[in-house]
Structures are given as structure tokens and as C-alpha cells.
Amino acid sequence: MIKVEWFYWLCGIFFLLIAMQAFNDRTNRKRLGSAAFWGLLGLSFCYGTFVVHKQAPSWLLGIAVIGIAALAGAGFPGRGQERTTTPEQRARFADRFGNKLFLPALVIPVVAAIFGAWLAKVKLGNGKPLLETGSATIIGLGVASILALIVGMILFRPNSPAVPLHEGRRLLEHIGWAAILPQMLATLGLLFTASGVGKAVGRVTDHLIPKGSLIAAVALYCIGMAIFTIIMGNAFAAFPVMTAAVGWPLLVQQFHGTPAVVFAVGMLAGFCGTLCTPMAANFNLVPAALLEMKDQYGPIKAQIPTAVPLLACNIAIMYIFAF
Amino acid sequence: MWVLLAIAVVVVGFALRINSMLVVTAAGIVAGLIGGLSPVKILNAFGDGFAGSRSVTVFIVTLPVIGLIERYGLQHQARKLISKLKVLTTGRLLALYMLIRQGTAAVGLTSIGGYAQAVRPLIHPMAAGAAERKYGKLPEKMQEKIKGFAASADTVGVFFGEDIFVAIGSILLITGFVDTTYGLKLEAIDIAVWAIPTGICALLIHGSRLWLLDRTLDKMAAQADAEAMGEDEEVAR
């Protein structure tokens, strides 16, 4: 059986290699802290295997996670000088390779879909599934990325096998600590649930809607996602809160909604909130600045008339398809 | 009910733009302490939560190949293809750009669009150029309108396209969170396919608004002309 843990180790090793590169990167003024950040992250990924299998204490990983967050708070990781091609070189390469450039990228969704939709159902001779249950897509993604990389190496023939690693680091350093923010928010969701935050929000929302009304509960989840997202500027942060409060206890447990539909559409309802909020500066204020707009809320004004009907669509989609 | 303070920590922390990683960690600790968890239990929850939701971060394995194709001119090639749309009107150009942005994001090619990479250097100049060909010099109001809609074409397109691709933070966050917290075993791809209906709605709603932008611009141009005429008459008098 192909296990998902293998791919977490792949991620862990990738982070450790990034840490080594960052450590040796004299152009990165924060190279030590950056190496510590990526290194600690890589070790945590590998150590996580033993935590999941209950072979090692969780609190040690807990300390490491808080350490990673502290490093992020202290301004790490930093960025070194990018080791990539110049715009002129890229233009020439684009002329040479043309639409072949899209090929490696398209390998990823195709292979991931094959794994998720088809190989997920394949059983081995001993009756066990070929891919670990519930992780087929993740495994597919890992395999797809490796295949895509092989296709890319054959097509473009870079002069060193370290080239994709440097390019990967360029992108990862660009993302910085935000790369693990979603994972931190998922972790926060677990803490919220363990501490009873969801139950407390649920007690508040109980008073907001008529008992036993499905449409009211669906609307509450979707509109709540949008409003929390508008306040926090981040649908990812709203998701654990609203799901613990309404999505899971009310929509899935009480009304027996299909989890995949409820959660997918709930997240998208949050995205409708992102379209309307200056708190999501990256998406709404940065383009206004880049386009030198007089009115920094111009993009938001263009988006609100789309966000409102789209939120209504999400409520309808969830109501129709999840129940 | 005091445990709700933990949500307040998130809200206030994000609002004050404190580093999000710190905010999230602090909110978790606050929730645990008020919820009556011992310090060791809180650390255990951080460890278990992090280990259980590692799937959320696996999207990073796609970075080396994406970086590689960028190195060899992905964005240049995309720009070359998009610049072939030059003959279109402002509204149609932006609608088509949104379709492209959404479609490519749905297969994981989020890096070929973006405000800095595409909207500012390419899409906005093309959209504004098409309007100038039609109306002459644009009054500020119209310029602002085109800029706002050009940015929105990118944003709406990528938001409601990327969720159809499995290796994206939001999808992985959903599976990572609910699998760890509620013990479900959701497949990322099952979540991703349920992003398709909303994606279609987004395309229909925002796409048609972009398409109809030409009419809005017609009206704005007519109004601006009328105002200019009015001013001329006053001067004449």
C-alpha cells in the first residue's frame, strides 16, 4: 500500500534542503533565522509521522510549532537573491519552447485527478486499497509533481539537477511563512474545538435562527463565513470558527448534510467576503496601488455587486446539493 | 462563554495586522487556557493538530516544477498568447481574460496571471487602449472604472478557479481541518469538484458584468461629452 506519510517525508526533506540552501545563501541577510525556520519545519514534518502513530510525544512537536510561529513573528524567513533567468533570457526561451511550457504544469492536475478519481478505488491482491484511504488525492499530487518535474527536466534540460530546487526555493521564499499559515489555521481549529469555542458560538447562533430550519442554518453558515471573512480579511481564518460553530454541529450532524459540499461551498461563501473587504489588502488594495488608482477602494466597488449575488448562489447550491 | 475571547484575539490581531502566525498561536493558547486545558494539553493539541494537518502544506511539492517552467518563460508565453486578444473591446477583453484566468487557475496555473505579472503590464493597458480608441481621451471617472474592473477580473477569476484545483491551500485546509478535528476521511478531489458550481456562477455573474462594461462606458462617455458641451456653451455665453 502506498502511504501518505512518504509524501510528508518528501515535503520534510524538501524543507530541510531549503534550510541548507538558505544557510549557505550569503545574499540573504536573515540566513540563520531562515535556515532555522525551514529546518524546524522540515524536522516537524518528519517527526509528525511518529506523533500520528502515537510513537512520540505530541507536546514536543507543539513546542516546535510555537517556535516556528515565534520565528515568523520575528520576521523570518527572509529572502536571498533570486537565482533565476533574466526577463530577456525568458523571452528567448519562450520563443524557443512555445506552448510546450504549459505541458509540465498540466501533468499535475491530470495525474492528481487520475489518482483521486480512479486509483483511489483500486484494491491490492490482499484486499487492501492501493492508496491509503482518504489520502489518494494527496498521494496523487506528490506523484504528479515528481512526474511533472521529470517531464520538465527532459523538455528544458537545465544544466544542473539543483536548478528546480533553487527555483522552488525562489517561490517558497516569496511566499515565506504564509506557506504554513493554512496549516496553522487548521491546527487552531483543533484547539478551538478542544476548548469548546465551537460550542460557545453555537449557543449564540442558536438564538439567531428558528429551530429546525434548514435554510436558515445554511444561510447562517454562508453569511457567517462571509462576515467573519470581511472582518478578518481571510476566509481561511473564518473557516475553522464557523465550521466548529455551525457547519459541523448543525449542518452535518443535525441535518446530515454531505460534508464535502457543505465545506467546499462554505469556504467559497467566505471568498465572497474576501471580495468586499479592505482587510484582504493583497487582493483589493495592492492592485489599486499598482494601477495607480485615485480611489483605493475601486476594485472593491467593482466586486461587491458580484459578491452579493454569488453569496446567494452559494446558499442555494449548498441547500440544493448537500441535503 | 469567555472562550469566545479567543475569536476576539483572531479578529483584533488580524485587524491590527500583527503577524498572522503569532495571532493564530496566541488565539490557540487563549482558547486552551480559558477552555480549561492544562499547558501540556495545549502543547499536545498544537502537536497533534500540526501533525494531523500536514496535508494542508503539501502544495509546496509543486513549487520546483512551477519555478522551473517560469525560469523557461511561462509568463512570457502566456503574455504572448493574451496579447493576441488586442482587437477586442474593453468589456469583452476583460471578460475573456477572466475566463482564461479562471480556467488556468483551475488546472493549477495560478502564476500566469496576477496584478503585477499580468494586469498592470498587459491587461489594463490593453483595456484602456481599447477604450481610448473608441472614446478618445478618457475622463478620470472612466479610467478609474476600467482599472477597478481590470483588477476585479483577475481577482474573481483566480478566486473561483483555483478552488477547482486540488493542490490549493483552501481545499487542503478543509480536508486537513475536518479530518483532524472530526475524524473524517475526505478526499481533496471530492471537495474540489464541489467548487465547480460556484465557479460557473461566478463566471456567469462577473463575466456578464465585465461584458456589459462596454455599455456602461458608452453611457459614461456620453455623459462626459454632454457635460463638456454644457461647459462649452457656458463659455460661449
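**Entry 1: chain A as a whole**

I began with the secondary structure of chain A and found 14 helices and zero strands. Reading from the N terminus, I met one α element after another. I am working with a predicted model, so I keep that in mind throughout. I then looked up the extent of chain A: its C-alpha atoms fill a box of roughly 65 × 65 × 40 Å along the principal axes. Of its 323 residues, 53% count as buried. I also checked the contacts in chain A between residues at least 6 apart in sequence, and 71% of them join residues at least 24 apart.

**Entry 2: helix H1 of chain A**

How far apart should the ends of H1(A) be? I took the 21 residues of this helix, residues 4-24, at 1.5 Å a residue, which gives an expected span of 30 Å. The end C-alpha atoms are 31 Å apart, so the two values agree. Next I listed the buried residues of H1(A), among them Phe7(A), Cys11(A), Phe14(A), Phe15(A) and Ile18(A). A handy reminder for my margin: an α-helix has 3.6 residues a turn, so residues three or four places apart point the same way. What covers the buried residues of H1(A) includes H2 (31-52), H6 (136-156) and H7 (163-175) of chain A.

**Entry 3: where the chains meet**

I turned to the contact between the chains, which takes 126 residues from chain A and 109 residues from chain B. On the chain A side, the largest share comes from helix H8 (residues 181-195), with 15 residues. By class, I noted 90 nonpolar, 30 polar and six charged residues on that side.

I then picked one pair of helices across this contact. H3 of chain A (residues 58-73) packs against H3 of chain B (residues 39-52) at an angle of about 80 degrees, and the axes are 6 Å apart. An angle from 65 to 115 degrees counts as roughly perpendicular, so H3(A) is roughly perpendicular to H3(B). The residues of this contact divide into 11 nonpolar, four polar and one charged. From H3(A) they include Trp59(A), Leu60(A) and Ile63(A), and from H3(B) they include Leu43(B), Phe46(B) and Phe50(B).

**Entry 4: Ala94(A)**

Is Ala94(A) buried or exposed? I found this residue in helix H4 (residues 87-97) of chain A. Ala94(A) is buried because 20 other C-beta atoms lie within 10 Å, and 20 or more is what the cut-off asks for. Leaving aside neighbours within four places in sequence, Ala94(A) is in contact with Leu101(A), and also with Gly73(B), His76(B), Gln77(B) and Lys80(B). I also looked at Leu106(A), which is 12 residues from Ala94(A) in sequence and 17 Å away in space, C-alpha to C-alpha.

**Entry 5: backbone details**

I came across a cis peptide bond from Phe76(A) to Pro77(A), with omega near -5 degrees. Pro77(A) has its place in the loop between H3 and H4 of chain A.

Arg157(A) has a positive phi of about 45 degrees although it is not a glycine. I located Arg157(A) in the loop between H6 and H7 of chain A, and with 9 other C-beta atoms within 10 Å this residue is exposed.

In chain B, Arg17(B) also has a positive phi, near 60 degrees. Arg17(B) is in the loop between H1 (5-15) and H2 (20-34) of chain B, and is exposed, with 11 other C-beta atoms within 10 Å.

**Entry 6: the record for chain B**

Last, I checked UniProt, where an unreviewed entry lists residues 56-74, 164-184 and 191-212 of chain B as "transmembrane region". In the model, residues 56-74 of chain B are 53% helix and 0% strand, with end C-alpha atoms 26 Å apart. Residues 191-212 of chain B are 86% helix and 0% strand, and their end C-alpha atoms lie 32 Å apart.

Methods
Residues numbered from 1 in each chain as written. Chains lettered and ligands numbered in written order. Predicted model: local features only at pLDDT ≥ 70, side-chain atom pairs only at ≥ 80, totals over all residues. UniProt positions renumbered as here; feature names shortened; annotations may be inferred. Helix = DSSP H or I, 4+ residues; strand = E, 2+ residues; numbered from the N terminus. Buried ≥ 20, exposed ≤ 12 C-beta atoms within 10 Å, placed from the backbone. Contact = placed C-beta atoms within 7 Å. Expected span 1.5 Å × (residues − 1). Axes fitted to C-alpha atoms, helices over the stretch in contact; angles between N-to-C directions. Parallel < 35°, antiparallel > 145°, perpendicular 65-115°, else oblique. Nonpolar A, V, L, I, M, F, W, Y, C, P; charged D, E, K, R; others polar.
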